[in-house]
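Me: Please take a close look at one part of this structure and describe how it sits in the rest. I would like one connected account.

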Amino acid sequence: MESARDKRTGEIVDAEQLWIINPVDPMGYECRGCSAQATPCSYRPENKVRPYFSAKDGHNAGCDVEGEVALVKRARKQRVTIREGFPGSFPNRLVLRDTRPVSSPDGSPTAPSSDGGRRTGSNGSSERCRNRHWAAQTIRPICRTFINYPFDRDLPLVVPGVTADTYQHVFRSLKSDQVIQYPEPRLFYAPISWKASIADDDRLEIQLSYGEWKERKLTRPYRVRMDWTDWSAAKRNYVSREIETARSEYMTAKKRGDKEKGWLFFIGRQDESDSTLFHVDDHRLVCCVVNEVIYP
Ligand SMILES: [Zn+2]
(Lines give C-alpha, C1' and ligand atoms only; values in the text may rest on other atoms or scores of the structure.)
Protein backbone atom coordinates (compact mmCIF):
# COMPACT_ATOMS: atom_id res chain seq x y z
CA MET A 1 0.00 0.00 0.00
CA GLU A 2 1.22 3.49 -0.85
CA SER A 3 -0.45 5.12 2.15
CA ALA A 4 -1.89 4.26 5.55
CA ARG A 5 -3.55 5.98 8.47
CA ASP A 6 -1.50 7.09 11.45
CA LYS A 7 -3.37 5.52 14.39
CA ARG A 8 -2.39 8.34 16.72
CA THR A 9 -3.30 11.39 14.64
CA GLY A 10 -5.87 9.88 12.26
CA GLU A 11 -4.00 11.45 9.34
CA ILE A 12 -3.17 9.60 6.17
CA VAL A 13 0.54 9.27 5.59
CA ASP A 14 2.09 8.40 2.24
CA ALA A 15 4.75 5.74 2.62
CA GLU A 16 7.56 8.06 1.46
CA GLN A 17 6.94 10.20 4.53
CA LEU A 18 8.52 7.32 6.46
CA TRP A 19 11.82 8.65 5.08
CA ILE A 20 11.36 11.70 7.28
CA ILE A 21 9.41 10.32 10.25
CA ASN A 22 11.79 9.45 13.06
CA PRO A 23 11.40 7.10 14.76
CA VAL A 24 8.92 5.04 12.73
CA ASP A 25 6.46 3.17 14.95
CA PRO A 26 6.11 -0.30 13.35
CA MET A 27 2.72 -0.77 15.04
CA GLY A 28 1.49 2.79 14.49
CA TYR A 29 -0.39 2.47 11.18
CA GLU A 30 -3.54 0.93 9.84
CA CYS A 31 -5.16 0.46 6.43
CA ARG A 32 -7.14 3.59 5.51
CA GLY A 33 -9.86 1.42 3.98
CA CYS A 34 -10.47 -1.23 6.66
CA SER A 35 -8.31 -0.41 9.70
CA ALA A 36 -6.30 -3.62 9.37
CA GLN A 37 -2.78 -3.39 10.80
CA ALA A 38 -0.43 -1.83 8.20
CA THR A 39 3.26 -2.50 8.70
CA PRO A 40 5.78 0.07 7.42
CA CYS A 41 8.34 -1.53 5.07
CA SER A 42 11.48 -0.54 3.17
CA TYR A 43 11.94 2.87 4.80
CA ARG A 44 15.45 2.38 6.18
CA PRO A 45 18.43 4.17 4.57
CA GLU A 46 19.80 0.93 3.13
CA ASN A 47 16.52 0.06 1.36
CA LYS A 48 16.61 0.75 -2.35
CA VAL A 49 12.92 0.48 -3.24
CA ARG A 50 10.30 2.99 -2.14
CA PRO A 51 8.74 2.56 1.29
CA TYR A 52 5.32 0.93 1.44
CA PHE A 53 2.84 -0.44 3.95
CA SER A 54 1.96 -4.09 4.10
CA ALA A 55 -1.26 -5.56 5.51
CA LYS A 56 0.54 -8.69 6.64
CA ASP A 57 -2.55 -10.25 8.21
CA GLY A 58 -4.75 -9.31 5.25
CA HIS A 59 -7.53 -6.75 4.86
CA ASN A 60 -11.00 -6.82 6.36
CA ALA A 61 -13.98 -7.58 4.14
CA GLY A 62 -15.00 -4.88 1.68
CA CYS A 63 -11.76 -2.91 1.88
CA ASP A 64 -11.51 -0.59 -1.11
CA VAL A 65 -7.74 -0.19 -0.74
CA GLU A 66 -7.40 -3.90 -1.44
CA GLY A 67 -9.49 -3.50 -4.59
CA GLU A 68 -7.53 -0.48 -5.78
CA VAL A 69 -5.01 -2.36 -7.93
CA ALA A 70 -7.80 -3.85 -10.04
CA LEU A 71 -9.65 -0.53 -10.17
CA VAL A 72 -6.56 1.35 -11.37
CA LYS A 73 -5.91 -1.26 -14.03
CA ARG A 74 -9.38 -0.67 -15.40
CA ALA A 75 -9.23 3.10 -14.87
CA ARG A 76 -6.15 3.50 -17.06
CA LYS A 77 -8.26 2.33 -20.02
CA GLN A 78 -11.67 3.81 -19.31
CA ARG A 79 -13.70 6.04 -17.05
CA VAL A 80 -14.68 4.30 -13.81
CA THR A 81 -16.97 6.96 -12.31
CA ILE A 82 -20.58 5.82 -12.52
CA ARG A 83 -23.87 7.58 -11.81
CA GLU A 84 -23.53 6.74 -8.11
CA GLY A 85 -20.10 8.32 -8.02
CA PHE A 86 -16.47 7.33 -8.00
CA PRO A 87 -16.02 3.70 -6.89
CA GLY A 88 -12.84 4.18 -4.88
CA SER A 89 -11.45 6.57 -2.32
CA PHE A 90 -9.10 9.39 -3.27
CA PRO A 91 -7.41 12.49 -1.85
CA ASN A 92 -9.63 15.49 -2.53
CA ARG A 93 -7.45 18.10 -0.85
CA LEU A 94 -3.93 18.99 0.12
CA VAL A 95 -3.51 20.03 3.74
CA LEU A 96 -0.12 21.30 4.86
CA ARG A 97 0.18 21.49 8.61
CA ASP A 98 2.27 23.93 10.62
CA THR A 99 3.10 26.11 7.70
CA ARG A 100 1.66 28.55 5.26
CA PRO A 101 0.88 27.33 1.76
CA VAL A 102 3.50 28.22 -0.78
CA SER A 103 2.69 30.74 -3.50
CA SER A 104 -0.76 31.41 -2.16
CA PRO A 105 -1.46 34.92 -3.34
CA ASP A 106 -4.26 35.53 -0.87
CA GLY A 107 -2.37 33.88 1.96
CA SER A 108 -5.42 31.90 2.95
CA PRO A 109 -4.62 29.47 5.73
CA THR A 110 -5.14 25.78 5.25
CA ALA A 111 -8.06 24.38 7.15
CA PRO A 112 -7.41 21.41 9.36
CA SER A 113 -8.81 18.15 8.13
CA SER A 114 -12.32 17.71 9.41
CA ASP A 115 -12.59 14.03 8.81
CA GLY A 116 -9.16 12.78 9.67
CA GLY A 117 -10.63 10.96 12.64
CA ARG A 118 -10.02 7.30 12.85
CA ARG A 119 -12.78 4.84 12.07
CA THR A 120 -12.79 1.59 13.91
CA GLY A 121 -15.66 -0.13 12.16
CA SER A 122 -14.82 -3.62 11.03
CA ASN A 123 -18.01 -5.00 9.57
CA GLY A 124 -19.61 -4.34 6.21
CA SER A 125 -22.12 -1.70 7.19
CA SER A 126 -19.82 0.55 9.18
CA GLU A 127 -17.18 0.21 6.48
CA ARG A 128 -19.56 2.08 4.20
CA CYS A 129 -19.28 5.09 6.49
CA ARG A 130 -15.56 5.35 6.09
CA ASN A 131 -14.09 8.29 4.27
CA ARG A 132 -14.08 8.14 0.52
CA HIS A 133 -12.33 11.51 0.43
CA TRP A 134 -9.20 12.17 2.39
CA ALA A 135 -6.60 14.85 2.96
CA ALA A 136 -3.16 14.38 1.44
CA GLN A 137 -0.20 15.77 3.37
CA THR A 138 2.07 15.94 0.35
CA ILE A 139 1.33 16.30 -3.36
CA ARG A 140 2.43 12.71 -4.02
CA PRO A 141 -0.86 10.82 -3.52
CA ILE A 142 -2.63 13.53 -5.50
CA CYS A 143 -0.18 13.09 -8.38
CA ARG A 144 -0.68 9.34 -8.31
CA THR A 145 -4.42 9.80 -8.47
CA PHE A 146 -3.99 12.11 -11.46
CA ILE A 147 -1.92 9.44 -13.23
CA ASN A 148 -4.04 6.47 -12.19
CA TYR A 149 -7.44 7.82 -13.22
CA PRO A 150 -6.91 9.64 -16.55
CA PHE A 151 -10.59 9.43 -17.53
CA ASP A 152 -11.89 10.64 -14.17
CA ARG A 153 -10.02 13.91 -13.85
CA ASP A 154 -13.21 15.76 -13.08
CA LEU A 155 -12.81 14.49 -9.51
CA PRO A 156 -12.81 17.39 -7.04
CA LEU A 157 -9.51 18.67 -5.68
CA VAL A 158 -8.63 21.58 -3.42
CA VAL A 159 -5.01 22.75 -3.27
CA PRO A 160 -4.11 25.85 -1.27
CA GLY A 161 -3.16 28.75 -3.51
CA VAL A 162 -4.51 27.15 -6.69
CA THR A 163 -7.77 28.58 -7.98
CA ALA A 164 -9.15 25.46 -9.64
CA ASP A 165 -11.25 22.72 -8.16
CA THR A 166 -10.84 19.55 -10.22
CA TYR A 167 -7.86 17.34 -10.95
CA GLN A 168 -8.07 18.34 -14.60
CA HIS A 169 -7.64 22.02 -13.87
CA VAL A 170 -5.34 21.95 -10.84
CA PHE A 171 -2.69 20.12 -12.86
CA ARG A 172 -0.92 21.80 -15.72
CA SER A 173 1.80 20.42 -17.93
CA LEU A 174 4.61 22.82 -18.72
CA LYS A 175 4.92 23.62 -22.41
CA SER A 176 7.12 21.04 -24.09
CA ASP A 177 8.54 23.40 -26.71
CA GLN A 178 8.16 26.91 -25.34
CA VAL A 179 9.05 28.96 -22.30
CA ILE A 180 6.10 31.02 -21.18
CA GLN A 181 5.04 32.97 -18.13
CA TYR A 182 2.24 31.08 -16.39
CA PRO A 183 -0.47 33.45 -15.29
CA GLU A 184 -1.61 31.45 -12.27
CA PRO A 185 -0.15 28.96 -9.82
CA ARG A 186 -0.90 25.37 -10.71
CA LEU A 187 0.43 21.96 -9.85
CA PHE A 188 2.93 21.85 -12.69
CA TYR A 189 4.59 18.80 -14.19
CA ALA A 190 7.10 17.87 -16.87
CA PRO A 191 9.50 15.02 -17.57
CA ILE A 192 12.68 15.19 -15.56
CA SER A 193 16.06 15.30 -17.26
CA TRP A 194 18.20 12.80 -15.42
CA LYS A 195 21.45 14.23 -16.63
CA ALA A 196 21.59 17.55 -15.01
CA SER A 197 20.69 18.16 -11.45
CA ILE A 198 22.81 20.30 -9.19
CA ALA A 199 22.99 19.72 -5.47
CA ASP A 200 25.16 21.82 -3.18
CA ASP A 201 24.88 23.40 0.24
CA ASP A 202 22.53 26.12 -0.97
CA ARG A 203 20.17 24.36 -3.33
CA LEU A 204 18.96 21.41 -5.29
CA GLU A 205 18.21 22.27 -8.89
CA ILE A 206 16.48 19.84 -11.21
CA GLN A 207 16.40 20.28 -14.94
CA LEU A 208 13.33 19.29 -16.94
CA SER A 209 13.09 18.01 -20.51
CA TYR A 210 10.68 20.71 -21.62
CA GLY A 211 11.46 24.26 -22.66
CA GLU A 212 12.76 26.18 -25.63
CA TRP A 213 14.42 24.27 -28.46
CA LYS A 214 16.76 25.40 -31.20
CA GLU A 215 17.85 23.07 -33.98
CA ARG A 216 16.54 20.07 -32.07
CA LYS A 217 18.45 21.02 -28.97
CA LEU A 218 16.87 22.01 -25.71
CA THR A 219 18.53 25.36 -25.22
CA ARG A 220 16.43 26.84 -22.42
CA PRO A 221 15.06 24.03 -20.26
CA TYR A 222 12.67 24.65 -17.40
CA ARG A 223 14.30 24.17 -14.03
CA VAL A 224 13.01 23.60 -10.52
CA ARG A 225 15.09 24.95 -7.69
CA MET A 226 14.83 24.27 -4.00
CA ASP A 227 16.79 26.86 -2.07
CA TRP A 228 17.42 24.61 0.85
CA THR A 229 19.87 26.53 3.00
CA ASP A 230 17.32 26.57 5.80
CA TRP A 231 16.08 23.02 5.33
CA SER A 232 16.93 20.34 7.87
CA ALA A 233 19.14 17.44 6.80
CA ALA A 234 16.04 15.21 7.04
CA LYS A 235 14.10 17.31 4.53
CA ARG A 236 17.02 17.47 2.11
CA ASN A 237 17.46 13.74 2.41
CA TYR A 238 13.74 13.18 1.79
CA VAL A 239 13.79 15.04 -1.53
CA SER A 240 17.15 13.63 -2.62
CA ARG A 241 15.99 10.08 -1.94
CA GLU A 242 12.81 10.65 -3.90
CA ILE A 243 14.82 11.70 -6.96
CA GLU A 244 17.36 8.90 -6.59
CA THR A 245 14.67 6.27 -6.10
CA ALA A 246 12.76 7.53 -9.14
CA ARG A 247 15.96 7.46 -11.16
CA SER A 248 16.53 3.79 -10.39
CA GLU A 249 12.86 3.01 -11.10
CA TYR A 250 13.27 4.72 -14.45
CA MET A 251 16.41 2.70 -15.27
CA THR A 252 14.54 -0.51 -14.44
CA ALA A 253 11.58 0.50 -16.63
CA LYS A 254 13.92 1.37 -19.49
CA LYS A 255 15.58 -2.04 -19.27
CA ARG A 256 12.14 -3.63 -19.52
CA GLY A 257 11.47 -1.51 -22.60
CA ASP A 258 8.59 0.39 -20.95
CA LYS A 259 7.50 3.82 -22.11
CA GLU A 260 7.46 5.18 -18.58
CA LYS A 261 9.10 8.50 -17.89
CA GLY A 262 10.11 10.21 -14.70
CA TRP A 263 7.66 13.05 -14.13
CA LEU A 264 8.51 15.86 -11.79
CA PHE A 265 5.44 17.37 -10.16
CA PHE A 266 5.70 20.56 -8.13
CA ILE A 267 3.96 23.60 -6.81
CA GLY A 268 6.33 26.50 -7.15
CA ARG A 269 6.77 30.15 -7.83
CA GLN A 270 7.96 31.14 -11.28
CA ASP A 271 10.93 33.46 -11.12
CA GLU A 272 10.07 37.03 -12.09
CA SER A 273 13.16 37.67 -14.17
CA ASP A 274 13.82 34.15 -15.48
CA SER A 275 10.74 32.34 -16.79
CA THR A 276 12.57 29.02 -17.08
CA LEU A 277 13.03 28.87 -13.31
CA PHE A 278 10.58 27.76 -10.62
CA HIS A 279 11.26 27.99 -6.89
CA VAL A 280 9.88 25.32 -4.58
CA ASP A 281 9.97 26.18 -0.89
CA ASP A 282 8.57 23.09 0.75
CA HIS A 283 9.68 19.46 0.49
CA ARG A 284 6.04 18.32 0.45
CA LEU A 285 5.36 20.26 -2.76
CA VAL A 286 7.62 18.27 -5.04
CA CYS A 287 7.64 14.61 -6.07
CA CYS A 288 8.85 12.42 -8.88
CA VAL A 289 6.72 9.60 -10.22
CA VAL A 290 7.87 7.11 -12.84
CA ASN A 291 4.88 6.21 -14.96
CA GLU A 292 3.10 6.92 -18.20
CA VAL A 293 0.84 9.97 -18.18
CA ILE A 294 -2.23 9.20 -20.27
CA TYR A 295 -4.15 11.96 -22.02
CA PRO A 296 -7.65 10.78 -22.92
ZN1 LIG B 1 -7.72 -2.58 4.02
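The part in question is helix α5, and the request is for its length, its buried residues and its surroundings.

Reply: This is a predicted model, and the values below are computed from it. The whole comes first, then the helix, then the strands beside it, and last the zinc site.

The protein has 296 residues, of which 52% count as buried. Its secondary structure consists of five helices and 15 strands. Of the contacts between residues at least 6 apart in sequence, 62% link residues at least 24 apart. The accessible surface amounts to about 14900 Å², and carbon and sulfur atoms account for 48% of this.

Helix α5 covers residues 233-256, which is 24 residues. At 1.5 Å a residue it should span 34 Å, and the C-alpha atoms at its ends are 34 Å apart, so the expected and modelled spans agree. Just after α5 comes G257, with a positive phi of about 85°.

Which residues of α5 are buried? They are Y238, V239, R241, E242, I243, T245, A246, Y250 and A253. The list includes the charged-type residues R241 and E242 along with V239 and I243. The buried residues of α5 pack against one helix, α3 (140-148), and against the strands β9 (187-199), β10 (203-214), β11 (217-227), β12 and β15.

Two of these packing partners, β12 and β15, are also paired with each other. Strand β12 spans residues 261-266, and six bridges join it to β15 in an antiparallel arrangement. Within this pairing, G262 has V290 of β15 as its bridge partner.

Strand β15 (residues 286-291) is largely enclosed by the rest of the structure, because six of its six residues are buried. The burial holds for both faces: V286, C288 and V290 lie on one side, C287, V289 and N291 on the other. V290, the partner of G262, thus belongs to the face shared with V286 and C288.

The model also holds a zinc ion, whose protein donors are C31 (SG), C34 (SG), H59 (ND1) and C63 (SG), at 2.0 to 2.4 Å. In sequence these donor residues follow the spacing C-x2-C-x24-H-x3-C. The four donor atoms subtend angles of 105 to 113° around the ion, and the arrangement is therefore tetrahedral. Of the donor residues, C31 is buried with a relative accessible area of 0%, and C34 is likewise buried at 0%.

How values were computed:
Residues are numbered from 1 along each chain as its sequence is written. This is a predicted model: local features need pLDDT of at least 70, side-chain atom pairs count only at pLDDT 80 or more; totals for chains, interfaces and linings use all residues. Side-chain values use heavy atoms; hydrogens and water are left out. Helices (H or I, at least four residues) and strands (E, at least two) are DSSP runs, numbered from the N terminus. Buried means under 20% relative accessible area, exposed over 50%, partly exposed in between (1.4 Å probe, protein chains only). Contact means heavy atoms within 4.5 Å. Accessible areas come from the Shrake-Rupley method with a 1.4 Å probe; for residues, only the protein chains shown count as cover. Donors are N, O and S atoms within 2.8 Å of the metal (3.2 Å for Na, K and Ca); water is not among the atoms, so sites may look incomplete. Four donors count as tetrahedral if all angles lie between 85 and 135 degrees; four count as square planar and six as octahedral if opposite donors are over 155 degrees apart and all others between 65 and 115; anything else is irregular. Two strands pair if DSSP finds at least two bridges between them. The expected span of a helix is 1.5 Å times one less than its number of residues.
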